[in-house]
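Good morning, and thank you for coming. I should like to take you through one sheet and one helix, step by step.

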Amino acid sequence: MRWKTDITTHRQLCLHCRKLHPLGRHTCDRCGSRLHQRKPHAIALTWSLAVAATIFLVPANLLPMMVVRSIAGDDAGTIMDGVIYFLEHGEAGIGIVIFTASIFVPFFKLTVLYYLLFIVHLKRYHKARFGLKLYRIIHFIGKWSMLDIFVVVLMVGIVQFKNLATIVTGPAAVAFMAAVLLTIVATERFDPRLMFDTELQVASDTNPQGVTHA
Ligand SMILES: [Zn+2]
C-alpha cells in the first residue's frame, strides 16, 4: 500500500499552525514552534505512559475509592462497590454513569492505545484508517476525562447526603487520577501518522533532521 505523505514528499508540517515546510527547517517561520516530521520518541513515550497508566489502574480498582465513616464504624468501598451500591439501591442510572466513566472508558482508552501501537509495530497499514478513527475517539474522550473525577465527587456527595455519614476519598482516588492523566499524556504523545508510514517512508525518516533531500 502506497500513499503520499509528508515523508515521501520531503516536507514537514508544523503541528501548531499547520504550515507545511520543506525538510531541513528546525523552526516554523510562521509561529516559531520547533518542527519535527513525527513527534519525537512518540512510540517509546506512548508505550511507557500507557504501561504506567495500566499499572495505576490496578490499585485504582482494587483499593478503596472512598471511606464512609459513620457511628457503625469505617466502611471502605472500591469503584465497583460504588457501582453495585447504586444498582442495588434503585439508582441504576448513576451506577451506569460511574461504571462507564470510571471503569469502561479508562480500559477502553488504554486498549485502543495498545492496538494503535500494534498497528505501527506490526505494520498493519490496512488498519491505519480504522486506527485513526479510534484515535480520534480517544482523543475526543480525553477532553472529558476529568468527568471520571467529577463522578467520584458526585458519588461522595450523594452517599454523604443519603447516609449522613462522613466520607473521605480513599487511596484509589490518587491512583485513578494518575491513570487518567497518564492516559491523556500517552494519547497526546502518540503520532497517528506513524500508522500510515510504510517501510520505505520510515527508512527515509531515519535521516537526521536538517538534511535536505535533493
Ligand atoms: Zn507553525
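**A sheet and a helix**

Let us begin with a single pair of residues: Val68 stands opposite Ile167 in strand E5. Please bear in mind that what you see is a predicted model.

That pair belongs to a longer contact. Strand E3, residues 66-70, is joined to E5 by 4 bridges, and the two strands run antiparallel. As a general point, the strands of a sheet pair through backbone hydrogen bonds, in either a parallel or an antiparallel manner.

Which strand does E3 pair with over 5 bridges? The partner is E4, and this pairing too is in the antiparallel sense. Here Val67 stands opposite Ala76 in E4. The connection from E3 to E4 is a hairpin, made through 2 residues.

We may now assemble the sheet. It is open, has 3 strands in the order E4-E3-E5, and its pairing is antiparallel. Strand E4, at 73-77, and strand E5, at 166-169, are the edge strands, since each pairs on one side only. From one strand to the next, the twist averages 20°.

Let us turn to helix H6, which covers residues 171-189. Does its length agree with expectation, and what would we expect? With 19 residues at 1.5 Å a residue, H6 should span 27 Å; the C-alpha atoms at its ends are 27 Å apart, so the two agree.

Finally, consider burial. The buried residues of H6 include Ala172, Ala173, Phe176, Val180, Leu182 and Ile184. Thr183, Thr187 and Arg189 are also among them.

Thank you for your attention.

Notes: Residues numbered from 1 in each chain as written. Predicted model: local features only at pLDDT ≥ 70, side-chain atom pairs only at ≥ 80, totals over all residues. Pairing = 2+ DSSP bridges. Axes fitted to C-alpha atoms, helices over the stretch in contact; angles between N-to-C directions. Expected span 1.5 Å × (residues − 1). Buried ≥ 20, exposed ≤ 12 C-beta atoms within 10 Å, placed from the backbone.
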